[in-house]
Amino acid sequence: MPDEIDDLRDQLEAETIESEEEAEAFRIKYLGRNRGAITNLFDQIGDLPPEERPEFGKRLNALKSQAEERLEEAKARLKREEQAEGPDIDLTLPGRRDFQGSTHPLTQTTEDILRILRGLGFSTYEGPEIETDWHNFTALNFPPDHPARDMQDTFFLKDAPTEAPPVLRTHTSPGQIRIMQEQPPPIRVAVPGRVYRNEAISYKSFCLFHQVELLYVDEGVTMAQLKQVLYGLARALFGDDVTLRFRPSYFPFTEPSAEVDVWWEDEEAEDDGQWMEILGCGMVHPNVFDAVDVDTEQYTGYAVGMGVERMAMLRHGINDIRTFYENDVRFLDQF
Ligand code: DAH
């Protein structure tokens, strides 16, 4: 049995401990409370003749201390090595900034438009997205069954108990009606918001989009003032070298009416450039004033409806309207 102590010492001295796992395996193998090799020998002391017991016990205690020291030393060494390696960060990786999120590009363009307009004296007003047929069409001089209603293919709310069901507004122009019902002129207001149309979806049309409407009603308002405001807005948004084109057009609620195009050069396209329509505008039609009891002898006014998506596409060189609604962070992260 004394030989067993020597054998165990030889075995223990030959062990290598190079990791936490190996340190734990060493502890269990020699010092484990259950079946540890040294622990087992302590259990056998009682089997020895009494005169041999003290000497054996002494040598066994020495072996146990040696095993414990070995273990402590190995653990301390492993800890030192780990600290010398430093924290678990690879300092050679290229830097990456945190993704912080941002406002949506359409929100940014809407806010920019409203900020510029605020500087020109326009306050902001918001109307409902579910509109009455009267506000969306009739009061804007689209009589029932008038063919001009076909210009805006509409989502009607089904099973409404009335003859003229409510609609998802097809434009922000009903905001003109609502503000004129609420307050007398002078009125100088911008109406931002979402609008809906039952359109074929393509790179330049979607079933929902955003507009900002302008309405200015006062004594002596003229088309020259309208053009001045639109030039100011376009320069502030697109830069001083922006080129605009006013094109005669037709809207039931304005007379005369015009559409405005911006000259756009797409660097990726093969052609030199093209006109992009961004808004409709005109002088408020007398029938619209009649619908809300504004005196057409005393007041004139202009109105504008602009497409926010178109403006944002021009500003940022985006060539497909659908990217705005996909919520792909690789797109959104660029703004
Ligand atoms: N509401 C029209 C549309 O969505 C745009 C428009 C044209 C608005 C002329 C106006 C306007 O205020 O004067 O197609």
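These legends accompany close-up views of a predicted model.

**View 1. The two assigned domains of the protein chain.** Domain 1 spans residues 2-85. Domain 2 covers 105-332. Their C-alpha centres lie 86 Å apart.

**View 2. His135 in helix α6.** The helix comprises residues 133-136. His135 has a relative accessibility of 9%. His135 therefore counts as buried, because the cut-off for that class is under 20%. The side chain of His135 makes a polar contact of 2.9 Å with the side chain of Gln181. Gln181 also appears among the residues that His135 touches beyond four places in sequence. The others in that set are Leu140, Pro174, Ile177 and Arg178.

**View 3. The largest nonpolar core.** This core holds 44 residues. Val212, Leu214, Tyr302, Val304 and Met306 have the most contacts inside it. Helix α8, residues 223-238, supplies the largest share of the core, with six residues.

**View 4. Surroundings of Tyr302, one of the residues with the most contacts inside the largest core.** Neighbours within four places in sequence are left aside here. Tyr302 is in contact with Leu214, Leu215 and Tyr216, among others. Its contacts also include Val221, Thr222, Gln225, Leu226 and Val229. Gly282, Met283 and Val284 touch Tyr302 as well. Phe122 is another of its contacts.

**View 5. A separate core of 23 residues.** This core lies apart from the largest one. Its members include Phe142, Ile177, Ile179 and Ala303. Ile177 links this view to View 2, as one of the residues touched by His135.

Terms used:
Residues numbered from 1 in each chain as written. Predicted model: local features only at pLDDT ≥ 70, side-chain atom pairs only at ≥ 80, totals over all residues. Heavy atoms only, no water. Helix = DSSP H or I, 4+ residues; strand = E, 2+ residues; numbered from the N terminus. Buried < 20%, exposed > 50% of the residue type's maximum accessible area, 1.4 Å probe, protein only. Polar contact = N/O pair within 3.5 Å; in protein donor to acceptor, adjacent residues only side chain to side chain. Contact = heavy atoms within 4.5 Å. Core = buried A, V, L, I, M, F, W, Y, C linked by side-chain atoms within 4.5 Å. Domains from an automatic or database assignment.
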